[in-house]
Structure formats: C-alpha cells, structure tokens
Amino acid sequence: MKTELHVVTPEWQRDTPLRSEYARRAALVEIDALVAVWLGIDADTLVTMYRARFPIMQDFDLVTWFDANERKIAGDRYTYGHGQEKEHWTQFQAYMKDPDNAPVPDGYTAPFYKADREKEMREAHAYFQKRLDEAVARGEWDPVKQEVPSQ
C-alpha cells in the first residue's frame, strides 16, 4: 500500500492534513528516515536503532494492519485503530485464517496491508538519500558545510 501525499503548499487547504491512520503513520516513518539521511545515518543503522531502542513499537507493529481505506486494525489494545473494538481483532483473525468463509471485520474493507516499519524505513531512506544525492550533484547542497552554496 502506498499513499500518494498531495502537494503541500504554504497555504492551508482541505487536502493538507493527513486524514487516514495509514497516512499519519507513513509520515512518522518518513520523518525518521529523513532525519537519518540529514544526520548521515545509513538505512541499516536506522533499522538497527529501531530494533535496539523501540521494543514496544516493534510489538505494536507485529499486530498492526491497515485496510483498503487506510484504517488501522491492531491486536494490541494500546494501539487500536480509531473506532476499533475488541471483537474487530477477533473477526480479523478469523477472516485472515479463512477469507473465503469468514467475513471482513465490521467497518473494514479488504484487502489488508501488514505494517512493516523496517521495509518502509528502508524505502523512505532510499528515496530521501537519492534526492539528497541529486541535490549535491546539481550543486544545490554542500554536504561538507551542510548548507545551500552561496552564489
């Protein structure tokens, strides 16, 4: 699942906010990757930091999914999606075991996307690293001084 974020402008617009649970989570993952690129931290180190320092987040990610409408459904009550109730997770588990015979949880829409923060961080890191490398190659960023070169 990939959400294309709309162009953000200096003026507030109806499309400016990240309205889905998936879009908000994706933005957090992208911020982590963007800061890592700015600090010169490679993707492997970023993932290692996540593994070493955020065990609770890893536990949450293990039981987090998103539906086709980017609504979160999770197996840990501390990270339930908006409006999720306990029986939704039970319905989800039954659906995932036997999608041909068990219904999709009430209020959710198949197909479902499994959260994978490590993969998502690597993808975001590669994207932002490429953009930084291209800016350096065009002379739009000085990686030594960490600033826009003066003309």
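Is Glu-140 buried, exposed or partly exposed? Glu-140 is partly exposed, because its relative accessible area is 40%, which falls between the cut-offs of 20% and 50%. This is a predicted model. Glu-140 has a charged partner. Its side chain meets that of Arg-138 in a salt bridge, at 2.8 Å from N to O. Arg-138 is exposed, because its relative accessible area is 53% and exposed means over 50%.

That pair is part of a wider set. A search of the whole structure finds seven salt bridges. One of them joins Glu-118 and Arg-51, whose closest N and O atoms are 2.7 Å apart. Why does this pair tie together parts that are 67 residues apart in sequence? Glu-118 lies in helix α5, whereas Arg-51 lies in helix α2, so the bridge spans that separation. Arg-51 is partly exposed, with a relative accessible area of 46%.

Another salt bridge connects Asp-61 and Arg-117, again at 2.7 Å from N to O. Here too, distant parts of the chain are linked. Asp-61 belongs to helix α3, which covers residues 55-62. Arg-117 belongs to helix α5, and the two residues are 56 apart. Are these two partners buried or exposed? Both Asp-61 and Arg-117 are buried.

Arg-25 leads on from this pair. Arg-25 sits in helix α1. It counts as buried because its relative accessibility is 8%, and the cut-off is 20%. Which residues does Arg-25 contact, leaving aside neighbours within four places in sequence? They are Asp-61, Phe-66, Ala-115, Asp-116, Arg-117 and Glu-120. Both partners of the buried salt bridge, Asp-61 and Arg-117, are in that list.

Now take Arg-24, which is also found in helix α1. Arg-24 counts as partly exposed, at 39% relative accessibility. Beyond residues up to four places away in sequence, Arg-24 touches Leu-18 and Arg-19. The contact with Arg-19 can be described in atomic detail. A polar atom of the Arg-24 side chain lies 3.1 Å from the backbone oxygen of Arg-19. For a distance across the fold, consider Tyr-50. The C-alpha atoms of Arg-24 and Tyr-50 are separated by 18 Å, and the two residues are 26 apart along the chain.

Tyr-50 brings us to the nonpolar interior. The largest nonpolar core has ten residues, and Tyr-50 is one of them. The others are Val-29, Ala-33, Ala-36, Val-37, Leu-46, Val-47, Met-121, Ala-124 and Phe-128. Which helices each supply at least two residues of this core? They are α1 (21-39), α2 (43-53) and α5 (117-137). The largest share comes from α1, with four residues.

Phe-128 shows the packing at the level of one residue. Setting aside neighbours within four places in sequence, Phe-128 is in contact with Glu-30, Ala-33, Leu-34 and Val-37. Ala-33 and Val-37 are fellow members of the core. There is also a second, separate core, with seven residues. Its members include Ile-73, Trp-89, Phe-92 and Tyr-95.

Nonpolar residues also appear on the surface. Leu-28, Ile-31, Val-35, Trp-38 and Leu-39 form a nonpolar patch there. Together they have about 540 Å² of accessible area. Leu-28 is placed in helix α1. Leu-28 is exposed because its relative accessible area is 53%, and the cut-off is over 50%.

Backbone geometry comes last. Where is Pro-111 placed? Pro-111 is in the loop between α4 (86-97) and β3 (113-114). A cis peptide bond joins Ala-110 and Pro-111, with omega about 0 degrees.

Two further residues deserve a check of their phi angles. Glu-70 is not a glycine, yet its phi is positive, at about 65 degrees. Glu-70 is found in the loop between β1 (64-66) and β2 (72-74). Glu-70 is buried, with a relative accessible area of 17%. Gln-146 is not a glycine either, and its phi is positive at about 55 degrees. Gln-146 is found in the segment after α5. At 44% relative accessibility, Gln-146 counts as partly exposed.

Key: Residues are numbered from 1 along each chain as its sequence is written. This is a predicted model: local features need pLDDT of at least 70, side-chain atom pairs count only at pLDDT 80 or more; totals for chains, interfaces and linings use all residues. Side-chain values use heavy atoms; hydrogens and water are left out. A nonpolar core is a set of buried Ala, Val, Leu, Ile, Met, Phe, Trp, Tyr and Cys residues joined through side-chain atoms within 4.5 Å. Buried means under 20% relative accessible area, exposed over 50%, partly exposed in between (1.4 Å probe, protein chains only). Contact means heavy atoms within 4.5 Å. Patches are made of residues with over 30% relative accessible area and no salt bridge: like charges are joined within 9 Å, nonpolar side chains (Val, Leu, Ile, Met, Phe, Trp, Tyr) within 5 Å. Accessible areas come from the Shrake-Rupley method with a 1.4 Å probe; for residues, only the protein chains shown count as cover. A salt bridge is a side-chain nitrogen of Lys or Arg within 4 Å of a carboxyl oxygen of Asp or Glu. A polar contact is a pair of N or O atoms within 3.5 Å; within protein, one must be able to donate a hydrogen and the other to accept it, and residues adjacent in sequence count only if both atoms are side-chain atoms.
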